[in-house]
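Reader: I am new to this structure and would like to know how its labels are earned. Please set each value against its definition.

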Amino acid sequence: EKIAKSCNLNEHDMFIAKVIGMYHDIGRFKQYFVYKTYDDKKSVNHAIYSTEVLKENDILRDFNEEDRNIIYKSIYYHNVYKIEAIDEELTKNEVFFLKMIRDADRLDIYDSMANHVPNMSKEEQYIWYNERDLDGDVSDNNQIKEKVSPSMKECSSVAESIFARFSWVFSDFSFKEAINIIVEGKYFEKVYNYMKKSNKINELYLFIMDYIQKIMHGENNLEY
């Protein structure tokens with residue numbers, strides 16, 4: 001909602017943004033009920049599943065076709081690795097709302113990493129990080145130092161998966177307000193504080209925090 005408000009949306013577009021935010025992960029309930037896991041690799045793509053749940057239950061029956069398409073496509077594609085990889089032509093509005101929910105979804109993940117995961121047991125953390133090595137170091141920081149976001153599939157340890165998520169700031173955020181929220185919430189600092197430290201981890205953390213400061217000072221302009 002903070003991102004939407006920062007764009008000074010009209011009442012209609014604000015409502016569309018809220019609907020997308022409300023329903024973008026609705027497929028998670030069915031996913032866990034059927035597969036007993038939230039891990040897409042072991043079950044189904046939860047974004048596609050969420051879109052199917054909306055259509056099966058005709059939840060958007062009172063919306064016009066244009067708004068339905070915006071909502072469906074924003075949810076369907078919200079977890080793609082890169083928007084550029086989408087093989088469908090999207091309208092300007094569809095791209096706008098898709099980028100907004102992608103930013104918001106990443107903020108939700110950061111919030112969980114910073115404020116909820118630290119209160120979990122080791123076993124719960126192991127599950128939350130998709131059964132990766134809790135104590136493993138970062139094996140290779142070349143991609144991140146080149147401002148490239150590693151694929152989560154390449155991450156064998158929790159530390160690697162944390163920095164893969166941190167590296168979204170290089171190219172996956174579109175709204176300046178999203179970066180403001182990261183800074184104000186101290187998300188990265190909180191996660192770093194509970195990580196097992198090493199020289200590589202310290203180095204990558206400082207590199208990413210320096211990049212965020214450059215965004216805050218206008219050196220790396222975002223789209224919105």
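Author: Contact, a term needed below, means heavy atoms within 4.5 Å. The model is predicted, with local features needing pLDDT of at least 70 and side-chain atom pairs pLDDT 80 or more, while totals for chains, interfaces and linings use all residues. Residues are numbered from 1 along each chain as its sequence is written, and side-chain values use heavy atoms, without hydrogens and water.

Reader: What is glutamate 177 in contact with, leaving aside neighbours within four places in sequence?

Author: Glutamate 177 is in contact with Lys2, Ile3 and Ser6. Glutamate 177 itself lies in helix α10, residues 176-185; a helix here is a DSSP run of H or I with at least four residues, numbered from the N terminus.

Reader: How do you know that glutamate 177 has no salt bridge?

Author: A salt bridge requires a side-chain nitrogen of Lys or Arg within 4 Å of a carboxyl oxygen of Asp or Glu. The nearest side chain of opposite charge, lysine 2, is 5.9 Å from glutamate 177. Lys and Arg count as positive, Asp and Glu as negative, and His and the chain ends are not counted. Glutamate 177 is nevertheless buried.

Reader: Why is cysteine 155 called buried or exposed, and what is cysteine 7 called?

Author: Buried means under 20% relative accessible area, exposed over 50%, and partly exposed in between, with a 1.4 Å probe and protein chains only. Cysteine 155 has 9% relative accessibility, so it counts as buried. Cysteine 7 has 23%, so it counts as partly exposed.

Reader: How many disulfides are there?

Author: A disulfide is a pair of cysteine sulfur atoms within 2.5 Å. By that rule the count is zero.

Reader: Why is helix α9 described as largely enclosed by the rest of the structure?

Author: Nine of the nine residues of α9 (residues 158-166) are buried, so the description applies. Among them are Val158, Glu160, Phe163 and Arg165.

Reader: What makes lysine 214 partly exposed?

Author: The relative accessible area of lysine 214 is 32%, so lysine 214 is partly exposed. Lysine 214 sits in helix α12, residues 199-216. Not counting residues up to four places away in sequence, lysine 214 touches Glu219 and Asn220.

Reader: How far is lysine 214 from tyrosine 129 in sequence and in space?

Author: Lysine 214 and tyrosine 129 are 85 residues apart in sequence and 29 Å apart in space, C-alpha to C-alpha.

Note on methods. Helix = DSSP H or I, 4+ residues; strand = E, 2+ residues; numbered from the N terminus.
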